[in-house]
Amino acid sequence: MKEIEAHVFIIWSKGLQQRDKINIDIKSKFEILESVDVTWSKNKFSENLSRFYGENLPKNSSKEKHCGTGTFLCVIVRDNNPKYELRQTSKGVKPVNINMFDAKQLYRKWTGGGHKIHGSDNVIEARSNMYLLLGVKYDLIVGLEETGKSRTYDKNLIGANGWDSLHEIFEAFNELCNYVVLRNFEDINQELNNLHPDIDLLTDNKRLIADISNGKPTKKDKKRVQHLVSINNQNVFFDFRFIGDNYYDYKWEQQILYTRVIYNNLYIPNPINHFYSLMYHAFIHKPELTEDYLIKLIDISHDIDLNYDYKSFINLKTLNDLNAFMISNNYQYVEPRDLSVYFNTKVIENFENILLSKKRDSIEKKWALKKLVKRVLQKMGFKFGR
């Protein structure tokens, strides 16, 4: 079957004086599937531009001023003979579709230099551009039979004003990034009924998934991964764990992500990784094993033929199984970079010695002091809420 690709050109508003000339040239080199005049809200323009390019572009940034904030033209094309070669890009030397890349460079020259023209360099970028801009899936666009359509589109990037549902945001994740929901995915919509909804993901690109979700960091500390996302007019916390953050061993995080399976239109860990990552979380990321995790681990142990019961936890069989799993896969117990994540060294010291970072050592001493003070106050009759 003949290989074809769909791509995106954008003529930002300050480049539109060359619109007709560029359109003629595009038509001579590509098959125009659709031309869309797009208008973004003025108050959302800088945010849209930041998410689109994956950059932190504050209001009135030099790039925004250079491109212009008015209506711009998006031209979706089909390249029936894509060719890839290495080219020097703003992100270093990379393989790019030279039909698109060279045309983009030519159009930038026609518009006076700079970045008044955008063009997708590869299918991954084209897929992202189409979905974020217009909410359309690449696989539907590339095979379009009807061509040459024109229309107007007065909407911001998808998710700019929040999401209608969890289904909608996960449709975007499925289209644009690699992720797994680490736990509590069995009926994820029930999470929205909680007082403080919280969803834990693992990804290989934290910046990308944050841009897709339009999530806002809850802390300035870059090691913190919690973001706030609006879904159906409700604030939902997402933790965007990522490969290399030491939430789990680096090699294990890779395995969890790249052996993922589909479940009810979500990507989740395979049964082995789900079980052991949940056990690790329950024992290592928590100061003590709670009843809800105990029940959950007993339940899902049957999926991998371990068949735990309560006695399994009393005689420490579970911890020995976890450690055997870690050793057999050459995984290490690692201190999370995110200092808000508890690190239970008392459990780990049964298997190996861990030297804590100075910051975590200081934090854990503060936690221990607070716990002691709370216990003393409780003995004096003070009551604390849950």
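In the predicted model, Asp-25 lies in helix H1. With a relative accessible area of 15%, Asp-25 is buried, because the cut-off for that class is under 20%. Leaving aside residues up to four places away in sequence, the residues that Asp-25 touches are Leu-106, Tyr-107 and Trp-110. Asp-121, by contrast, is separated from Asp-25 by 96 residues in sequence and by 18 Å in space, taken from C-alpha to C-alpha.

Helix H1, which spans residues 19–29, lies across strand S1 (5–11), S2, strand S3 (72–79) and S6, and runs at about 10 degrees to S3. Helix H4 (residues 98–110) lies across S1, S3 and S6, and the angle at which H4 runs to S6 is about 180 degrees.

The strands beneath discussion here belong to an open sheet of five strands, arranged in the order S6-S1-S3-S2-S7 with mixed pairing. Strand S6 (117–119) and strand S7 (149–153) form the edges, each of them pairing on one side only, and from one strand to the next the twist averages 20 degrees. Strands of a sheet pair through backbone hydrogen bonds, in either a parallel or an antiparallel manner. In the case of strand S2 (residues 31–38) and S7, the two run parallel and are joined by five bridges, and Val-36 stands opposite Arg-151 in S7.

The loop between S2 and helix H2 (45–53) contains Ser-41. Ser-41 has a relative accessibility of 31% and therefore counts as partly exposed, since that class covers values between the limits of 20% for buried and 50% for exposed residues. In sequence, Ser-41 and Tyr-247 are 206 residues apart, and in space their C-alpha atoms are 38 Å apart.

Helix H2 itself is mostly covered, with eight of its nine residues buried. The buried residues of H2 are Phe-45, Ser-46, Asn-48, Leu-49, Ser-50, Arg-51, Phe-52 and Tyr-53. The elements that cover these residues include strands S1 and S6 together with helix H3 (62–67), helix H5 (123–134) and helix H8 (206–213). Just after H2, Gly-54 adopts a positive phi of about 70 degrees.

Key
Residues are numbered from 1 along each chain as its sequence is written. This is a predicted model: local features need pLDDT of at least 70, side-chain atom pairs count only at pLDDT 80 or more; totals for chains, interfaces and linings use all residues. Side-chain values use heavy atoms; hydrogens and water are left out. Two strands pair if DSSP finds at least two bridges between them. Helices (H or I, at least four residues) and strands (E, at least two) are DSSP runs, numbered from the N terminus. Axes are lines fitted to C-alpha atoms, for helices over the stretch in contact, and angles run from 0 to 180 degrees between N-to-C directions. Contact means heavy atoms within 4.5 Å. Buried means under 20% relative accessible area, exposed over 50%, partly exposed in between (1.4 Å probe, protein chains only).
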